[in-house]
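Biologist: I would like a close look at one part of this protein. Please take me through it step by step.

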Amino acid sequence: MTKTYAIGIDMGNSITSIGIVDTQGNIINKSSVNSSHQHISEYIDSIYNHLSILIEQQGGIDNIKGVGISSPDGNYFTGCVEFAPEHSWSGNTPIAQILADKLQLPVTLTNGANAAAMGEMEYGIAQGMKDFILISLDDEVCRGAVANGEIIYGHNIFSGKSGHINVHNDRGRVCKCGRKDCLEAYCSADGIITTALELLTSSKETSTLRNIPQNELTFENIYEASIQGDSLAKEAFRFTGDILGQLLSDLIAYSSPKAFILSGKVAKSNEHFIQAIEKSFKDNLLQIYAGKTKILTSDIENSEAIILGTSLLACNSKLVDA
Ligand SMILES: [Zn+2]
């Protein structure tokens with residue numbers, strides 16, 4: 001029997017999104033489960049229960065080629081989730097093997113930014129590109145780099161942790177990893193909240209954000225205020241764009257990509273933010289690179305790009321066979 005579908009799973013910090021993908025790259029059925037469980041067995045059972053329903057709706061397991069799953073700390077080579085401090089079951093967890101045993105399907109693991117890069121290359125804005133760098137700007141900041149049409153994994157898989165590159169800002173902002181002035185401390189959703197709070201404290205400028213208790217301020221509040229023209233909210237994005245543009249002007253020397261592709265909810269923010277990135281990028285760029293690399297914004301929702309990318313892994317790799 002021809003196997004028609006593949007399963008892609010985006011293991012987010014709070015929500016795990018599951019999708020059934022057909023051979024044309026259409027996500028034809030979706031579900032989601034809570035990522036927070038005390039024990040890994042409870043988490044796997046939850047995924048299994050939701051997946052079983054989706055699989056049945058597509059005619060049963062004989063129609064499924066395999067499963068791809070992504071985690072921010074997923075190791076493509078070993079199938080293990082490493083580190084993962086956001087989960088109580090963190091440690092070196094062989095999640096691909098555990099899920100393969102449960103589902104009786106081949107399962108391949110990777111990290112989210114690499115999966116999103118694969119999804120963009122096959123179905124999204126990077127179609128036809130062989131050299132590009134995807135920067136995912138969300139609750140975390142990660143990078144998926146493609147050179148000569150291949151994902152760059154690095155010798156130990158963790159080449160995509162670009163959220164923890166030092167941006168040499170003099171604010172000394174502490175990152176979740178414990179170091180200071182990582183990119184993620186500025187350019188994640190939380191980073192923008194921190195910037196807005198600093199601006200609210202350091203200036204007397206009127207802002208609709210002052211109507212919101214500081215401990216309740218969200219990224220979405222700042223985004224909406226910036227769209228409405230709130231100067232302080234716009235300044236939070238300008239400051240963030242300035243930092244990111246400068247970093248991209250350095251990263252270009254890494255692999256001379258055809259494009260930087262920005263994805264995630266922070267990237268899809270607003271024109272003002274993108275303009276700030278482009279200005280800073282241009283101002284800091286080495287002359288030899290001028291006009292040779294585009295900055296593009298993904299038009300696929302980040303989780304969907306990851307589901308598409310992981311579904312490709314499910315079709316092409318069988319690192320962990322049931
Ligand atoms: Zn860090």
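Biologist: At what angle do the axes of helix α6 and helix α7 cross, and within what distance do they come?

Modeller: This is a predicted model. Two packed helices are described by the angle between their axes and the distance between the axes. Here, helix α6 covers residues 219-227 and helix α7 covers residues 231-255. Their axes cross at roughly 110°. They come within 7 Å. An angle from 65 to 115 degrees counts as roughly perpendicular, and α6 and α7 are therefore roughly perpendicular to each other.

Now the residues that meet. On the α6 side they are F219, I222, Y223, A225 and S226. On the α7 side they are A233, K234, A236 and F237. By class, the contact has seven nonpolar residues, one polar and one charged. Serine falls in the polar class and lysine in the charged class, with S226 contributed by α6 and K234 by α7.

Elsewhere in the chain there is a zinc ion. Its protein donors are H164 through ND1, and C175, C177 and C182 through SG. They lie 2.0 to 2.4 Å from the zinc ion. The angles among the four donor atoms are 106 to 118°, and the site is tetrahedral. Along the chain, the donors follow the spacing H-x10-C-x1-C-x4-C. H164 and C182 are 18 residues apart, both in the loop between β8 (150-151) and α4 (184-187). H164 is partly exposed, at 22% relative accessible area. C182 is buried, at 0%.

Note on methods:
Residues are numbered from 1 along each chain as its sequence is written. This is a predicted model: local features need pLDDT of at least 70, side-chain atom pairs count only at pLDDT 80 or more; totals for chains, interfaces and linings use all residues. Side-chain values use heavy atoms; hydrogens and water are left out. Axes are lines fitted to C-alpha atoms, for helices over the stretch in contact, and angles run from 0 to 180 degrees between N-to-C directions. Helices (H or I, at least four residues) and strands (E, at least two) are DSSP runs, numbered from the N terminus. Angles under 35 degrees count as roughly parallel, over 145 as roughly antiparallel, 65 to 115 as roughly perpendicular and the rest as oblique. Contact means heavy atoms within 4.5 Å. Donors are N, O and S atoms within 2.8 Å of the metal (3.2 Å for Na, K and Ca); water is not among the atoms, so sites may look incomplete. Four donors count as tetrahedral if all angles lie between 85 and 135 degrees; four count as square planar and six as octahedral if opposite donors are over 155 degrees apart and all others between 65 and 115; anything else is irregular. Buried means under 20% relative accessible area, exposed over 50%, partly exposed in between (1.4 Å probe, protein chains only).
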